[in-house]
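This report looks at the annotated active site in chain B, then at the side of that chain facing its partner.

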Amino acid sequence: MSAITRDEVAHLARLSRLALSDDELDHFATQLDDIIGAVARVAEVAAEDVPPSSHALPLTNVFRADEVRPSLTPEQALSGAPAVEDDRFRVPRILGEEA
Amino acid sequence: MSLTQKSAAELGRLIASGETSAVEVAQAHLDRITSVEGKVKAFLHVDAETTLAQARAVDERRAAGEELGPLAGVPIAHKDVFTTVDMPTTAGSRILENWRPPYDATITRRLREAGLVFLGKTNLDEFAMGSSTENSAYGPTHNPWDLTRIAGGSSGGSAAAVAAFEAPLSTGTDTGGSIRQPAAVTGIVGMKPTYGGSSRYGLIAFASSLDTPGPFARNVLDAALLHEAFSGHDPYDSTSIEAPVPPVAEAARQGDVAGLRIGVIKEFSGEGYQPGVMARFRETVELLESLGAKVVELSCPSFTYALPAYYLIAPSEVSSNLARFDAMRYGLRVGDDGTRSAEEVMALTRAAGFGPEVKRRIMLGTYALSSGYYDAYYGQAQKVRTLIARDFEAAFHQVDVLISPTTPTTAFPIGERADDPMAMYLADLCTIPTNLAGNAAISIPCGLADEDDLPVGLQIIAPVLGDDRCYRVGAAVERALHDRWGGDLLSKAPAL
C-alpha cells in the first residue's frame, strides 16, 4: 500500500503554492511515497511519556527595549523588488479572486 | 612554499610582520582560482576588483597603526547563503539569481571587522539542502581529489575551495552535516559549533532549529581561529547563546588527549559502512589509545531513529521558512502578465525558481505538519529528538567526547545518487544526531580509504558548549597523524 497518493501530492503542491506539471507530480508521488515510508519508522519508538523538543537548547523569549533605531531606507528595502510603484512593492491583484 | 600553500595562521603572521601584504596574498589566491576554478567549480561569484580593494583597505588600516586580529588580511571564501551587500547572494537557487541583499549577515560583518578578505561566494546545494552540491541551480562542485566525484554538501563549494588551495579558510553552515560531510570527503577540517554559538542573522534560513554556521580550514588551529573570529552572542539572533565563546584556539594549540575518556558510538558501524572508512577509523581509535586516551564503546540506541526524525523536522521547518519566497518583495517573479492573480504568480514563480529537492522538502514538510498526520510524524519526531538528546546526556556522563566516522563512505561519483533522495540522505547518517541535540562536532582527516584512495573523516563530538574539546582532541590526532604521514593529508592529493 502506498503511503501517499498522487492526488494527495497534487493537494500538497497546491497548499505549497507550487504549480507542478503532470510529469513532476508523477515523479514526486513515487519519491515522496518512498521517503514517507522510510521516515514513518519514527512510529516504532515507544515515546508516549517523552516530551517533544521543538528546539535543541532550552530557550525563553528574548526581549529588547522598544527603541527607534536606524533601519533600511525605502530604496534599500525596494532594491530587490520585482516591481515597484510610488515607493511601494507592486504586486499582482489580490482582491476579487474566486475562492 | 607559495602563499596559497600556507596556513591561515602563518599568512596572518606574515602580513602582520610586513613580510607580505594582504594585497599580495589576495592576488596569489585570485591567480590560483583563475588556474583551477574551471575544473573545481567551487565559486558562484568571484570579483577580483572588490577582493583587492578589501585587501588594500586592510593594508591601509595596518599602516595607520590599527590593532588587527590574527586573521587580518587573510582571504576567505564565503558560502553563498550568508547575505553580503557587495556580492550577490543566491543560496544556490534560481529564485534568488542576481539578488543583492540590502544588509550583511552578522557573520559577514564580523569577518569584515576582523579584516578577512572575501575572495567570493561559494557553491552549495540549493538553500543548503543536500549532500553533494548537485542540487545547486548552477551546477555541481567537483572534488579536488577526483574531479568526477562530489565534494560533499551542502557546503561543497566552501570545502572544495579550501582543499584546492583556492582559499585558506571558508565559511559553511551545518544543518544535518553540511560542514562535516564535505570536510570529510575533501580531506580538510570542518566544525559545527554548538547551536546558538554562531549567529544565524543574515543566514538564509533552511531549518532554523538546526542551522549552525561554522568554519572550514586545512588544519585544526586555522579552523579554531576562524571560529573565534565570527562567534559569540548576537542580539540580532534570538536563539544566540549568551555565553563566552569556548576557548577553541587555546585548545587547538594545546592538543592533548592524555587521560581523556573517549566513547565509540556502537550504532555507527556495520551495514552501509565502507570497509576502508572503518579501517581508518579503527586505526585512529588505536592511535588515541596510544596517546593516552581511555577508549570505551557505548550505545546510543535512539540514534537509529535520528535520520527519519530529521527528515520530518527539517522539511517541516523548510515548508514554513521557504514561504517567504513569494515573488512579491524580492527575487524571481514569473507570469505577472496582468491577467494572473498574486497567488497564481506565486505558484508559477516557486515552480520555476525552486529545484526538485527543495520542492520535495516543502511538500514533505507540508504533509508532516498537516492535521491528521501531525502527531504521527512531526510530533513523534520531536519526541525522538528528546530521546537523542538524552542519549548524548547519558554518554557524556561516561566520556568526555564521542567519536565516529564522519560519513559512512568516501566521496561518491557525481550523478550516482542525484535522483535517489533516500540514498543521498544516508550520507548524513553519523552527523545528524548532533544537529538534533545542538551540541558541537568536528570532522578532521584521518587517512585515505584503501579501495579508492579518497579521504576519510573522523568525527569528534562534544557536549553543548564543549566546542574546545573537539579542537583539543582534533589537534592531538592531527599532530600524531602528520608525524606518521610526514606531512598533511592534502600533500597526497593529485595535482590539479
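UniProt positions follow the numbering used here, feature names are shortened, and annotations may be inferred rather than shown by experiment. This is a predicted model: local features need pLDDT of at least 70, side-chain atom pairs count only at pLDDT 80 or more, and totals for chains, interfaces and linings use all residues. Residues are numbered from 1 along each chain as its sequence is written, while chains are lettered from A and ligands numbered from 1 in the order in which they are written.

An unreviewed UniProt entry assigns "active site" to Lys79(B), Ser154(B) and Ser178(B). These span 100 residues in sequence, yet no two of their C-alpha atoms are more than 11.2 Å apart, so they gather at one spot.

The table covers the two serines. Helices (H or I, at least four residues) and strands (E, at least two) are DSSP runs, numbered from the N terminus. A residue is buried if 20 or more other C-beta atoms lie within 10 Å of its own, exposed if 12 or fewer, and partly exposed in between; C-beta atoms are placed from the backbone.

| Residue | Loop in chain B | C-beta neighbours within 10 Å |
|---|---|---|
| Ser154(B) | between β5 (146–150) and α5 (156–163) | 34, buried |
| Ser178(B) | between β6 (169–174) and α6 (180–186) | 36, buried |

Contact means C-beta atoms, placed from the backbone, within 7 Å. Leaving aside neighbours within four places in sequence, Ser154(B) has contacts including Ala128(B) and Ser178(B).

Now the partner chain. 56 residues of chain B are in contact with 45 residues of chain A. The largest share of chain B's side, 11 residues, comes from α13(B).

Technical notes:
Contact = placed C-beta atoms within 7 Å.
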